[in-house]
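Here are some exercises to work through with the model open beside you. Try each task before reading its solution.

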Amino acid sequence: MKKIDWQSIYGPETDELWQLVATALQQEEKPMKRKSLSAILIAALLIIALTAGALAVAQKAGLLDWITTYDPQNGEDGAAVVLTDIPQEGGVAERGTFTVREAFYDGRTMRLLVDATPTNEGDAFVWSVAMNTRYTVDEAKKFGDTLLGIAMHGRITNAGVEDLSHFFLRQEAGLAYIASTLLPEGVSPETLNVVLSFSILDSKTGDILEETTITCEIPKTAEPDIKQFDINQDYELVHIDDITISRTPVELLVSIRYKPLLAVFHSFASIPDDGLVNYYRVGGSMGSYDYETGIHTGQFMLPAGTGIPETIPLWMRGTEEALVINTTTGEVTIRPVKVESKGGDTIVTLSDE
């Protein structure tokens, strides 16, 4: 099947996002509060969200601290499905070391956490060579005496994934990269062969100073609870081909293959409990399109909850209707929704039938 790029619905990395994360990570002992992000970087399929409650920011935050579909209050041990002590080849350069610290792979979703640590005291890694143009000399000094830019590219050689999405977190003078992807439909090897390439850059000129490559194998760490429904039915605005729902203690993944029947409808969006639908929420969404069949694939990473919910609503963007999936029977119904705009946010709530 011929597919084109998997694309995140989320917007680009911005100064505001970087400053928000950097500030939060410097507040080691302060509980984090929920923020409304104006921009965010996801690359599979992960986003950074600052969650409410007792999560205190640590300099060595783990993968589960930043997978925002995971809720430790559910009573499930998410750490049991996170791999540590991962053997790797490469990752050592004169100016820094890159180490795969944690990984999660359930046959559909893969996430890695990589520590990037400078070798020399006084050096600091930054995510972009443009940092010197965004801060004054005094402001830049808070990161380190010498700023070194880092560029990363990741791929999975045995799963047809050529570009891993990633975002960064600041920790001490280094960075932590979280790379992620949703595997293409029908691809689910028991072990992933991952290649991560890092470049250390002169932050003033952008010149590459050093390069190093990590190779590692990530075995499947979780077996999801999976439900599959062959729908193959036309509705007023859309033809639904099939729906797959899979859940682990870390996340709930909904995949729907469909074909729009009218131009007014173009894609789906998940509807959270509070109805707030925008590009910068917990979880994530990915999409692909098959030119040969005209079939779209939408994939949604939702909070794991305590199990697969009885129903899952998906708003049909551009309309006042939602598709509601009965996860027991596979029955699909169309429900009206109320769509409101508040302060730049879109609020979508299911209406009474």
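**Exercise 1.** How many bridges join strand β12 (residues 238–247) to β13, and do they run parallel or antiparallel?

*Solution.* Keep in mind throughout that this is a predicted model. Start with the pairing: β12 and β13 are joined by nine bridges and run antiparallel. Next, fix the register with one pair: His-239 stands opposite Lys-259 in β13. Finally, look at the connection, where four residues lie between the two strands of this hairpin.

**Exercise 2.** Find the other strand, β17 (residues 296–302), that is joined to β13, and decide how well β13 is covered.

*Solution.* First, β13 and β17 run antiparallel and are joined by seven bridges. For a reference point, take Leu-252, whose bridge partner in β17 is Leu-302. Then turn to accessibility: seven of the nine residues of β13 are buried, so the strand is largely enclosed by the rest of the structure.

**Exercise 3.** Classify the ring pair of Tyr-258 and Phe-268, then place both residues in the chain.

*Solution.* A pair of aromatic rings is described by the distance of the centres and the angle of the planes. By the ring-pair rule, the count comes to seven aromatic pairs. For Tyr-258 and Phe-268, the ring centres are 4.8 Å apart and the planes stand at 80°, so the pair is edge-to-face; the cut-off for that class is over 60 degrees. Now locate the partners: Tyr-258 is in strand β13 (residues 252–260) and Phe-268 is in strand β14 (residues 268–270), 10 residues apart. To finish, check their cover. Tyr-258 counts as buried at 4% relative accessibility, and Phe-268 likewise counts as buried at 4%.

As an extra step, look for a cluster built from ring pairs: Phe-98, Phe-125, Tyr-177 and Phe-198 are linked in this way.

**Exercise 4.** Which residues form a nonpolar patch on the surface with Leu-261?

*Solution.* The partners are Leu-262 and Val-264, and the three residues together have about 240 Å² of accessible area. Leu-261 is in the loop between β13 and β14. Its relative accessibility is 39%, so Leu-261 counts as partly exposed.

**Exercise 5.** Describe the hairpin of β7 and β8, including its turn.

*Solution.* Begin with the strands: β7 (residues 165–171) and β8 (residues 174–182) pair in the antiparallel sense over seven bridges. One of the facing pairs is His-166 with its bridge partner Ala-179 in β8. Then consider cover: β7 is mostly covered, with six of its seven residues buried. Last comes the turn, where two residues lie between the strands and Glu-172 has a positive phi of about 50°.

**Exercise 6.** Where do Asp-85 and Asn-232 lie, and are they buried or exposed?

*Solution.* Most residues other than glycine have a negative phi, and most peptide bonds are trans. With that as background, note that phi of Asp-85 is positive, near 50°. Asp-85 sits in the loop between α2 (63–66) and β2 (88–89), and at 74% relative accessibility it counts as exposed. For Asn-232, phi is also a positive value near 50°. Asn-232 lies in strand β11 (residues 225–234). With a relative accessibility of 51%, Asn-232 counts as exposed, since the cut-off for that class is over 50%.

Methods: Residues are numbered from 1 along each chain as its sequence is written. This is a predicted model: local features need pLDDT of at least 70, side-chain atom pairs count only at pLDDT 80 or more; totals for chains, interfaces and linings use all residues. Side-chain values use heavy atoms; hydrogens and water are left out. Rings of Phe, Tyr and Trp (its six-membered ring) pair if their centres lie within 6.5 Å; planes under 30 degrees apart count as stacked, over 60 as edge-to-face and the rest as tilted. Buried means under 20% relative accessible area, exposed over 50%, partly exposed in between (1.4 Å probe, protein chains only). Two strands pair if DSSP finds at least two bridges between them. Patches are made of residues with over 30% relative accessible area and no salt bridge: like charges are joined within 9 Å, nonpolar side chains (Val, Leu, Ile, Met, Phe, Trp, Tyr) within 5 Å. Accessible areas come from the Shrake-Rupley method with a 1.4 Å probe; for residues, only the protein chains shown count as cover. A salt bridge is a side-chain nitrogen of Lys or Arg within 4 Å of a carboxyl oxygen of Asp or Glu.
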